[in-house]
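Here is a short briefing on one structure. It covers the ligand shell, the nonpolar cores and one pair of helices.

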Amino acid sequence: MQNLFSHLPVMKQDINNLLVTALDGIYLDGTVGFGGHSGEILEKLKSPGKLIGLDADPDALQSADQYLSSFKTQTKLFSLHHINFRYFPQILDKLEITKVNGILLDLGISSYQIDNAEKGFSFRAEGPLDMRLNPNSELNAKDYLYSVNENELGQIIRDYGEERYYKKIALSIVKRVKENKMNTTLDLKDAITSVVFGKFQIKSVARVFQAIRIHINDELVALREALVQSKKYLSNGGRLAVITFHSLEDRIVKRFINDESKTCVCPRELPICACDTIPSFKWVSRKAILPSEKEIEENPRARSAKLRIAERI
Ligand SMILES: C[S@@+](CC[C@H](N)C(=O)[O-])C[C@H]1O[C@@H](n2cnc3c(N)ncnc32)[C@H](O)[C@@H]1O
């Protein structure tokens, strides 16, 4: 079935091959987006299998619903819910589901969200300074920039954007806010490009947009919370698959699974293990799985993607 929307699911084949291990199982897609990955999962499932899709963006859910409903024989097998994935246990509890066979998180935002200037994620087109994944959440990017001081903003740009010119960029943004000249995505871009020059200028812009987006949506804390909860809700043999697009997210996922797959946490000095640690996950692939050259050529958005996948034991 052809997806009606512009977003191409990243590493679709890997997800298809590695995530679904029980055709009558229950799968949670925490970032259903436009239903690209969910469609692949749904197509494989057989009753009483279920796909539960979540997204913070109601527009994404509406499109996913349209797309997934086109799988006529499967429509009873899926349900979609407007919620941040950090709260996925609330949905499972409501559906009286205690265990799932797989959880997928395909992090970040979709091509549709980037291309839709109204959402304020893109510095290529003029739009309001919004950047909220969920339009009902309180803090948008503009309100944030009008409330933050230079030091705090600098730290956010440094920590969530890994941007070396964080100090002068923060100063430039705060200066424009004081002049009441910070209203659109292009105002923000301009504040950055007026103080950072050279061939990597646009990378700095991308990093600052990323930092503000991560901060106002509390993305890293949400990720960490969902990972911790996955331990409780995955059945034995169930799999956790996370596709990340930058090193901050990837580090969190890698560290979580490494910690949860340890068989011993004794101090090195101890000659024999005395901790009796029971690991909760094992790696399905110890190395991150990367998109092929061909996929990157067809879908440049895939170039920074990394898939990490682990099994609950
Ligand atoms: C990369 S897209 C997913 C695309 C999807 N896998 C597909 O194939 O169409 C990421 C989606 O996750 C959503 N999202 C990001 N963080 C979220 C969160 N914490 N909770 C719920 N949805 C989130 C975004 O709104 C976006 O629709």
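Two residues are in contact if their C-beta atoms, placed from the backbone, lie within 7 Å. The model is predicted.

**Nonpolar cores**
- A64 touches V32, G33, F34, G35, S38, G53, D55 and L80, leaving out residues up to four places away in sequence.
- The largest nonpolar core holds 51 residues. Within this core, L51, A64 and A241 touch the most other members.
- Another core lies apart from it and has 30 residues. Among them are L129, A170, I192 and V208.
- In soluble globular proteins, nonpolar side chains tend to be buried together.

**Ligand shell**
- The ligand is surrounded by 22 residues. P9, T31, G33, G36 and A56 are the closest.
- Helix α2 (36-44) supplies at least two residues of this shell, and so does strand β2 (50-55).
- By class, the shell has nine nonpolar, nine polar and four charged residues.
- G33 appears twice in this picture: as one of the closest residues to the ligand, and as a contact of A64.

**Helix pair α7 and α10**
- Helix α7 spans residues 150-161, and helix α10 spans residues 201-217.
- Their axes come within 8 Å and cross at roughly 100°. Angles of 65 to 115 degrees count as roughly perpendicular, so α7 and α10 are roughly perpendicular to each other.
- On the α7 side, the contact uses I156, I157, Y160 and G161. On the α10 side, R207, V208, Q210, A211, I214 and H215 meet them.
- The residues of this contact divide into six nonpolar, three polar and one charged.
- V208 of α10 is also a member of the 30-residue core.

How values were computed: Residues are numbered from 1 along each chain as its sequence is written. This is a predicted model: local features need pLDDT of at least 70, side-chain atom pairs count only at pLDDT 80 or more; totals for chains, interfaces and linings use all residues. A residue is near a molecule or strand if its C-beta atom, placed from the backbone, lies within 6 Å of it. Helices (H or I, at least four residues) and strands (E, at least two) are DSSP runs, numbered from the N terminus. Ala, Val, Leu, Ile, Met, Phe, Trp, Tyr, Cys and Pro count as nonpolar, Asp, Glu, Lys and Arg as charged, and the others, Gly among them, as polar. A nonpolar core is a set of buried Ala, Val, Leu, Ile, Met, Phe, Trp, Tyr and Cys residues joined through C-beta atoms within 7 Å. A residue is buried if 20 or more other C-beta atoms lie within 10 Å of its own, exposed if 12 or fewer, and partly exposed in between; C-beta atoms are placed from the backbone. Axes are lines fitted to C-alpha atoms, for helices over the stretch in contact, and angles run from 0 to 180 degrees between N-to-C directions. Angles under 35 degrees count as roughly parallel, over 145 as roughly antiparallel, 65 to 115 as roughly perpendicular and the rest as oblique.
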